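Open the model in your viewer and keep the selection panel at hand. We will go stop by stop.

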Amino acid sequence: MSVAHSPGIRRWKRPPLIKSARLRWAIGLGAAIYLSFAIGSIEVNWLRVYEGLDRGWAFVIAFTEPDFVKRWRDISHGLIESLTMTVTSTVLGILLSIPIGLGAARNLAPLPVYLFCRGVIAISRTFQEIIIAIFFVAMFGFGPLAGLLTLSLATIGFLAKLLAEDIEDIDPGQAEAVRATGARWLQWINYGIQPQVMPRLIGLSLYRIDINFRESAVVGIVGAGGIGATLNTAFDRYEFDTAAAIIIIIIAIVMFAEYSSGLIRARLK
Amino acid sequence: MPVGGQGIARTWQRRARSRQFAIWFGWLAGTALFVYCWQLISETTIWAFFWDSPRVAADIFSRMMPPRWTYIEVIWQPLWDTINIATLGTALAIVLAVPVAFLAARNTTPSATFVRPIALLIIVSSRSINSLIWALLLVSIIGPGIFAGVIAIGLRSIGFIAKLLYEAIEEIDDSQVEAVTATGASRSQIIGYGIVPQILPAFAGISVFRWDINIRESTVLGLVGAGGIGLQLQASLNILAWPQVTLILIAIFATVIVSEWVSAKVRHAII
């Protein structure tokens, strides 16, 4: 500790997160310069914001008296579409991500297969669901099918990546033991590898269900079906009470899904 | 051990019969649900479009190539805005999420019966609503622009950061807190010297991780009018300028890859 210049009084100081003082100052200074530029480049129309506060307040008030009834037909239709999309896309996504996950594990797959599967994963991870949804709507037409395929693709990016990483981390001893019995490739996967990654795969799949539901509420904005379209319309009409009702329903379903998947995961461990 | 067959021909079975039935029934119910949902979707789908899609995809692809490289002049500014939305949104979220996390963690909350549920409700509401929906809402309240995007990203990230942070706070080593308490430290000193040093690496990791996610999310906020490169994407799609769309997608891809690299580097350095 640098206390050489003040003999007599030695004061303890907390050790900083970043050890090198020069790096610490450089990062701090860089952050300050960046922030001043970034904040400077935002143009805020304060008058517009001020005018909007009334509407914001109206929205907050709407949460105290959400209107489930007036647009119930639209809401229930969108909700059913969202839920069916969630179920089908999760199932389809899991079915597709298992082979891709196996292919993306370096200890199982030959290099060309590995590169191809990693490529699929990288593409599905970089582009937001919405961008993919725009393309799928253009290709498959409006409606939940486009949303379903979007969410399936997004599920692959998530699940296959984590599955592949999990397979790469397995205990090779067990897999080798199964292989030594003369098992075929499929038997090797089924008895040597699958039992080791199954608990985590189930946990991740459950987690993906609620991600898919949350995302299914958004893809509707670009026409891929689901509750998002209803919500978008509600905002466009400034029907905040209906919007509040939809948001409350989404939060409730997400909470329910999170709670029940937590229970199942706790039982699996 | 569950055993099947009779007399000498007894064979080992993995599960008892009732359990086997329960599992079989579970699969049946799951499959039925899937088929039913599939049917609902299939009813609203025009399958002719689906079978036509390879041709459409090929058509779109041929229109997209080659990318219009000169368009890059136009998208520097929106790209800069996109990064600003992500960064300032993350900064806003950090400022708001830290107190929420301390109120939500079981070992630091002032009242487990009153304050904690409210903090948890804030976390779950912020997490369940996608940033695009927040943006939709904010654009209709405060008008289109980057400002709405920053706030939307911020509101969505509060839940994420606060959740991971409060879990980190709950997992700290209590003996260090106890040691600081034993010196007669005040409440704020306990937090500052006993808790904060323990969660600081996790906190930095979480923030950078969220920043990385936010870069990805802020690329699409423009679709609902909340600024950034999404605006350009929307405009190009509307006028069917596919070569521009390609360039924008390449730009997004590059930005996301760089941000992921930065985030991985920083997290690696911290942990």
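Select α6(A) and α8(A). How do they lie relative to each other? Their axes cross at roughly 150°, and the cut-off for roughly antiparallel is over 145 degrees, so α6(A) and α8(A) are roughly antiparallel to each other. The two axes come within 10 Å. The crossing of α6(A) and α8(A) is right-handed. This is a predicted model, so read every stop as a prediction.

Now show side chains where the pair meets. On α6(A), the contact residues include A:Gly147, A:Leu151, A:Ala154, A:Thr155 and A:Phe158. Further along α6(A), pick A:Leu159, A:Leu162, A:Leu163, A:Asp166 and A:Ile167. On α8(A), select A:Ile193, A:Val197, A:Arg200, A:Leu201 and A:Leu204, which are among the partners. Add A:Ser205, A:Arg208, A:Asn212, A:Glu215 and A:Ser216, also on α8(A). Colour the contact of α6(A) with α8(A) by class: eleven residues are nonpolar, five polar and four charged.

**Chain A as a whole**

Zoom out to chain A. Switch to cartoon view and count: ten helices and zero strands. Along the sequence, the pattern reads α-α-α-α-α-α-α-α-α-α. Turn chain A along its principal axes; its C-alpha atoms fill a box of roughly 80 × 75 × 40 Å. The radius of gyration of chain A is 26 Å, while a compact globule of 269 residues would have one near 18 Å.

**Where the chains meet**

Bring chain B into view. How many residues of chain A are in contact with chain B? There are 48, and they touch 48 residues of chain B. To find the chain A side, select α2 (46-64), α3 (72-103), α5 (129-140), α6 (144-168), α8 (185-216), α9 (227-236) and α10 (240-268) of chain A; these elements each give two or more residues to it. Both α6 and α8 of chain A, from the opening stop, appear in that list. Colour by class again: the side of chain A that touches chain B has 31 nonpolar, eleven polar and six charged residues.

**Chain B**

Hide chain A. Chain B has ten helices and two strands. Which elements come up from the N terminus on? The order is β-β-α-α-α-α-α-α-α-α-α-α. With a radius of gyration of 26 Å, well over the 18 Å that the globule rule gives for 271 residues, chain B is more spread out than a compact globule. The C-alpha atoms of chain B fill a box of roughly 75 × 65 × 35 Å along the principal axes.

Next, select helix α3 (residues 72-104) and helix α8 (residues 187-218) of chain B. Their axes come within 8 Å and cross at roughly 140°. That makes α3(B) oblique to α8(B). The crossing of α3(B) and α8(B) is right-handed. From α3(B), show B:Thr82, B:Ile83, B:Ile85, B:Ala86, B:Thr87, B:Gly89, B:Thr90 and B:Ile94. Facing them from α8(B) are B:Ser207, B:Arg210, B:Trp211, B:Asn214, B:Ile215 and B:Ser218. The contact of α3(B) with α8(B) has six nonpolar, seven polar and one charged residues.

**Last stop: confidence**

Colour chain B by pLDDT. The average for chain B is 84, and 96% of the residues score at least 70. Among the elements of chain B, strand β1 (residues 3-4) has the lowest mean pLDDT, 61. Helix α6 (residues 146-170) of chain B has the highest, 89. The model scores ipTM 0.78 and pTM 0.80.

Key: Residues numbered from 1 in each chain as written. Chains lettered and ligands numbered in written order. Contact = placed C-beta atoms within 7 Å. Helix = DSSP H or I, 4+ residues; strand = E, 2+ residues; numbered from the N terminus. Nonpolar A, V, L, I, M, F, W, Y, C, P; charged D, E, K, R; others polar. Axes fitted to C-alpha atoms, helices over the stretch in contact; angles between N-to-C directions. Parallel < 35°, antiparallel > 145°, perpendicular 65-115°, else oblique. Left-handed = near helix turned anticlockwise from the far one by under 90°. pLDDT = per-residue confidence, 0-100. Rg over C-alpha atoms; globule rule 2.2 N^0.38 Å.
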